[in-house]
Amino acid sequence: MSEPLISAPLVFRDDGTPYSPRHDDIYHSAAGALAQARHVFLKGNGLPARWRGTPRFTVIETGFGMGVNFLATWAAWLEAAHRPSMLEFLSIEKYPFSADDLRAAHAAIIDEDAFAPLSDALASAWPPLEAGLHRLAFSAGAVTLTLAFGDAADILPRLADLGFTADAIYLDGFAPARNPDMWTPQVFASLARMSNYDATFATYTSAGQVKRALVESGFAYSKVAGFGGKRAMLVGKRAHIRYVIES
Ligand SMILES: C[S@@+](CC[C@H](N)C(=O)[O-])C[C@H]1O[C@@H](n2cnc3c(N)ncnc32)[C@H](O)[C@@H]1O
């Protein structure tokens, strides 16, 4: 659990959108990283409304990247009138950035002042780039971030064995055609095992291979309006079997 990882280089396209040369894809919609996080991942999972009356809420994300989704979720939690006393966020990342690049990325793509202290806290707590689990705590321990550095296909079944569970799932690999490893039926099968009864998911994509893998793994999806010029995205939940008792 301690082999060094390959870190991601911080590269921007000419329009300022962070870009991965390895996957030939962008980290966020060019229409805005924070706006995408809010529309696709928070709203797509019914947050913050679903936090009302919940003592503890867990999010699992595939692809931590620059942590914009984590920062947006933490900021929403800080602002929410009704929120869980514990927010636990688990995110998987195979190619993490260095702490310095994380800071630089946030400075370039997040233009809301309220995020500066959150970005600084995250970069200051950033762990060494070693494979395995790294647990960080924020907001006096009420918000935890477990970073699982490694390949999603390897690490998700182990996290499921360890008993990690999800109330909301953020599916945020690069585009399925460019990053197929993040969208396999095996990845979804582990996420299905980790889903709590009312677990929901959201993703910016509506690709056919994702819909098929979701259904094969026991999730039910709906198509809703996408973000940043995308006509559709997917939201949904674990499909539960209904037992009908006949008399
Ligand atoms: C679209 S970006 C995620 C953006 C991120 N959620 C954010 O808020 O900044 C996709 C991420 O998936 C990671 N990734 C790609 N293949 C992976 C794999 N097989 N296992 C784990 N992470 C992977 C990439 O390194 C990249 O950081």
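A polar contact here is a pair of N or O atoms within 3.5 Å; within protein, one must be able to donate a hydrogen and the other to accept it, and residues adjacent in sequence count only if both atoms are side-chain atoms. This is a predicted model, in which local features need pLDDT of at least 70 and side-chain atom pairs count only at pLDDT 80 or more, while totals for chains, interfaces and linings use all residues. Residues are numbered from 1 along each chain as its sequence is written, and side-chain values use heavy atoms, with hydrogens and water left out.

**Exercise 1. Find the backbone atoms that make polar contacts with the ligand, including those of G63 and V68.**

Step 1. Start with the surroundings: 23 residues surround the ligand (a heavy atom within 4 Å). The closest are H28, G63, N69, E93 and D172.

Step 2. Go to G63, where a polar backbone atom is 2.7 Å from a nitrogen atom of the ligand. At V68, a backbone N or O atom lies 3.1 Å from a ligand oxygen atom. At A152, a polar backbone atom is 2.9 Å from a nitrogen atom of the ligand.

Step 3. Now check the cover: on its own the ligand has 610 Å² of accessible area (Shrake-Rupley method, 1.4 Å probe), and the protein covers 99% of that.

**Exercise 2. Describe the largest pocket and its lining.**

Step 1. Set the terms. On a 1 Å grid over the protein atoms alone, a pocket is an open set of points where a 1.4 Å probe fits, with protein on both sides within 12 Å along at least five of seven lines; lining residues have an atom within 4 Å of a point.

Step 2. The volume, the space filled by probe spheres set on the points, is about 650 Å³ for the largest pocket. Of its 41 lining residues, I26, D172, G173, F174 and N179 are the closest to the centre.

Step 3. Sort the lining: 18 residues are nonpolar, 14 polar (Gly among them) and nine charged (Asp, Glu, Lys and Arg).

Step 4. Elements that each supply at least two lining residues include α1 (33-42), α2 (68-79) and β5 (86-93). Helices (H or I, at least four residues) and strands (E, at least two) are DSSP runs, numbered from the N terminus.

**Exercise 3. Trace the pairing of β10 with β11.**

Step 1. Strands pair if DSSP finds at least two bridges between them. β10 (residues 219-225) and β11 (residues 232-238) are antiparallel over seven bridges.

Step 2. Use S222 as a landmark: V235 in β11 stands opposite.

Step 3. Follow the hairpin turn, with six residues between the strands; G228 there has a positive phi of about 65°.

**Exercise 4. Locate two backbone features, at P48 and D24.**

Step 1. The L47 to P48 peptide bond is cis, with omega near 10°, and P48 sits in the loop between α1 and β4 (56-62).

Step 2. D24, although not a glycine, has a positive phi of about 50°; D24 lies in the loop between β2 and β3.
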